[in-house]
Amino acid sequence: MSAAAGTPPEGGGDRPWQSYHTAYTNAKAGMEGVDKEKVQKVIYEMSKGSKYFENEQRKEAVTKQKIEHLRAQCAALTDNDISHFQKVAEKKMLELEASRDLSKIWLHTDMDAFYAAVETLENPSLKGKPLAVGSMSMIATASYEARKFGVRAAMPGFIGCKLCPGLVFVRPNFERYTHYSELTRKVFQRYDPNFIATSLDEAYLNITNVCIERGITGEEVATELRSAIYQETGLTCSAGVAPNRMIAKVCSDINKPNGQFILPNDREAVLTFVSTLPIRKIGGIGKVTEQMLRQVLGISTCQEMLQKAAFLCALFSEGSADFFLSVGLGLGGTETPEQRQRKSISCERTFAATNDSSLLFEKLDSLAENLTDDLQKEGLKGKTLTLKLKTADFEVRTRAVTTRNYINSKEDILVYATKLLKAEMPLSLRLMGLRMSQLHDEKDDPSTSTQKTLDIFFRSSNDQQDFFLHDESCFIPEQRSFGNHSNEAVISKPLGGTKLDDVSSSAKVAPAEKLNEPDNLISPKAVASSSKPDQQSWIDGYICSICGFELPPGFEEERLEHSDFHLAETLQQEEAVDGTRHISNERLADRERPCSTTPTPKKKLKSSKEGKHIPIDAFFTKCNKNL
């Protein structure tokens with residue numbers, strides 16, 4: 001079968017920028033009239049030859065591989081295969097249709113160009129000017145005046161200046177944005193105490209009860225809520241009302257800025273609404289998935305997903321196929337999700353590429369402070385700290401560390417984060433982030449917050465300082481990488497103690513220039529483990545390589561939580577193995593080391609099967625004083 005449709009020309013020719021798929025999208029509100037080809041040409045010309053351009057080309061090559069793979073699978077389908085999967089799809093659609101719930105009324109609210117609007121509110125002289133919040137390296141958001149020129153979030157500032165020569169830049173002020181976000185959330189509380197905040201400027205509200213109790217419509221609630229937010233903050237927002245969260249989010253984007261759109265709780269109205277809806281408007285369908293669906297199956301609207309349902313079931317996993325068919329039917333979440341215990345907290349910052357170590361450590365200090373504030377605000381501590389780095393070449397590395405104690409202070413976080421960063425130096429970075437996982441409520445019994453290791457219970461009186469102490473944290477960094485960077489795990493020495501013996505004579509020694517520093521907690525004799533066969537990755541972009549769990553590319557937070565789960569498992573297993581090795585090495589050393597005084601010989605126990613059993617005292621290290 002040949003289902004490819006609308007395939008752009010390959011690179012080269014008179015218009016090479018047309019094949020530069022990942023460079024630009026005008027799906028953002030306020031950019032509907034922008035000349036996409038003109039903007040894409042500017043981006044292409046200004047990026048060509050840069051590290052960013054090379055990274056985009058690498059990603060584009062991977063995407064093309066996926067597309068060709070799917071095309072080959074599609075071409076191999078026989079008429080019998082298609083007939084079989086058509087029946088599978090029809091059964092799935094019947095099951096999904098039976099789950100349709102039109103009894104709920106959901107409202108999605110989205111602040112209008114939030115960061116830029118806050119800056120304009122604080123500085124009225126910026127009103128009406130094309131404004132970008134960010135820097136020459138990266139734009140966090142752009143005002144609607146700037147979007148008319150093609151300027152948008154996640155675009156380098158120097159490209160924004162080329163598109164809009166009069167662009168005004170303002171540095172981000174997250175304390176200010178958080179303040180205004182809190183004001184909006186107080187308004188949300190009046191309509192739904194269990195509202196779902198997805199970011200500083202977006203939230204979902206289940207307004208079903210409010211509509212029933214007050215006898216008003218969803219449209220009246222939306223109008224009232226938007227007015228209340230403006231009165232409290234001086235900022236405008238847009239709203240969408242629909243029978244489920246997925247469609248409500250799409251609706252809130254239709255009449256931006258400072259508008260609203262109401263979709264009735266009617267099946268025919270929902271199906272009509274989604275029939276011509278571009279798939280890129282749906283949360284969870286990004287630019288790569290859009291290209292795959294469009295170029296392999298010719299799918300560009302939600303209704304076309306139902307028309308190609310058999311091929312979706314044949315080419316994609318069950319979870320992905322269910323998601324695509326739900327989109328085609330206009331189905332989404334209708335129940336308020338149960339409050340789940342938070343699994344991770346993170347923060348990251350993008351900046352101009354730099355190899356200035358002092359500047360990088362300043363940024364690390366700021367991130368540690370932000371992460372500390374977030375953890376303490378939530379009343380949480382954590383045990384797994386992950387450092388995320390994006391190099392000047394756009395290579396992403398993550399390095400993680402597990403601690404014995406739960407921590408949430410800036411001092412503790414900075415100690416471990418600094419050691420992880422030092423081990424990577426020197427390098428040039430453009431992004432840095434910190435994430436804490438394996439979270440624990442600090443109100444819980446503190447006696448349960450320390451992970452005990454076996455070596456605490458087996459002590460040698462001749463070398464007591466070789467052991468980890470109860471009140472000091474030790475760590476075993478786990479280094480994960482993506483791309484060509486080596487995958488290594490470094491074993492630390494105990495704080496305030498002596499160096500650990502080498503775990504294996506065949507192990508590879510880590511570079512001394514990275515680790516052998518006077519104030520470094522990592523031993524100069526630290527060793528690296530071999531590459532792990534169970535390193536977590538996403539097969540075909542959505543299948544976990546370890547457990548087979550499926551998560552579409554759009555669910556970034558869920559993916560981070562899932563990766564942290566496997567990372568925590570690995571770290572705990574390695575900690576147990578390394579602890580056992582440490583004990584074994586110590587026993588071997590004790591056997592080779594003569595005691596300071598000759599111990600009183602013990603009577604040898606007689607056994608009818610001498611030689612087949614090991615005396616129990618052989619399991620405990622001998623010492624020079626009686627216990």
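These legends accompany close-up views of a predicted model of a protein chain.

**Figure 1. Overview of the predicted chain.** The protein chain contains 19 helices and 18 strands. Of its 627 residues, 46% count as buried. The accessible surface of the chain comes to about 32,000 Å², and carbon and sulfur atoms account for 51% of that surface. When contacts between residues at least 6 apart in sequence are considered, 67% of them join residues at least 24 apart. A search of the whole structure gives 26 salt bridges; several of these are shown in the views that follow.

**Figure 2. Surroundings of K104, in the loop between α3 and β1.** Helix α3 spans residues 79-98 and strand β1 spans residues 106-111, with K104 in the loop that lies between them. K104 counts as buried because its relative accessibility is 18%, and the cut-off for buried is under 20%. The side chain of K104 makes a polar contact of 3.5 Å with the side chain of S103. Leaving aside neighbours within four places in sequence, the residues in contact with K104 are N206, T208, A242, P243, N265, T334 and E335.

**Figure 3. The salt bridge between K104 and E335.** The closest N and O atoms of this pair are 3.2 Å apart. The salt bridge links distant parts of the chain, since K104 and E335 are 231 residues apart. E335 sits in the loop between α15 and β9 (344-354), whereas K104 sits in the loop between α3 and β1. The K104 end of the pair counts as buried, at 18% relative accessibility.

**Figure 4. Helix α15 and its cover.** Helix α15 runs through residues 318-329 and has 12 residues. The distance from its first C-alpha to its last is 16 Å, close to the 16 Å expected at 1.5 Å a residue. The helix is mostly covered, with 9 of its 12 residues buried. These buried residues are S320, A321, F323, F324, L325, S326, V327, G328 and L329. Their cover includes α3, α10 (245-252), α11 (267-275), α12 (287-297), α13 (302-307) and α14 (309-315). After α15 comes G330, which has a positive phi, near 75 degrees.

**Figure 5. The salt bridge between K410 and D365.** The side chains of K410 and D365 meet at an N to O distance of 2.9 Å. The pair links distant parts of the chain, 45 residues apart: K410 belongs to helix α17 (residues 410-422) and D365 to helix α16 (residues 357-378). K410 is partly exposed, with a relative accessible area of 22%. D365 is also partly exposed, with a relative accessible area of 26%.

**Figure 6. The salt bridge between E424 and R399.** In this pair the side chains meet at 2.9 Å, N to O. E424 is in the loop between α17 and β12 (429-437), and R399 is in strand β11 (residues 396-407). The two residues are 25 residues apart, and the salt bridge links distant parts of the chain. Both E424 and R399 are buried.

**Figure 7. A network of salt bridges.** Four residues are shown: E97, R100, R267 and E268. They are linked to one another in a network of salt bridges.

**Figure 8. R280, in the loop between α11 and α12.** R280 counts as partly exposed, at 23% relative accessibility. The side chain of R280 is joined to that of E290 by a polar contact of 3.3 Å. S300 is 20 residues from R280 along the chain, and the C-alpha atoms of R280 and S300 are separated by 8.1 Å.

**Figure 9. A nonpolar surface patch.** M46, M136 and F158 make up this patch, which is about 260 Å². F158 is found in helix α6 (residues 157-163). With a relative accessible area of 38%, F158 is partly exposed.

Technical notes. Residues are numbered from 1 along each chain as its sequence is written. This is a predicted model: local features need pLDDT of at least 70, side-chain atom pairs count only at pLDDT 80 or more; totals for chains, interfaces and linings use all residues. Side-chain values use heavy atoms; hydrogens and water are left out. Helices (H or I, at least four residues) and strands (E, at least two) are DSSP runs, numbered from the N terminus. Buried means under 20% relative accessible area, exposed over 50%, partly exposed in between (1.4 Å probe, protein chains only). A polar contact is a pair of N or O atoms within 3.5 Å; within protein, one must be able to donate a hydrogen and the other to accept it, and residues adjacent in sequence count only if both atoms are side-chain atoms. Contact means heavy atoms within 4.5 Å. Patches are made of residues with over 30% relative accessible area and no salt bridge: like charges are joined within 9 Å, nonpolar side chains (Val, Leu, Ile, Met, Phe, Trp, Tyr) within 5 Å. Accessible areas come from the Shrake-Rupley method with a 1.4 Å probe; for residues, only the protein chains shown count as cover. The expected span of a helix is 1.5 Å times one less than its number of residues.
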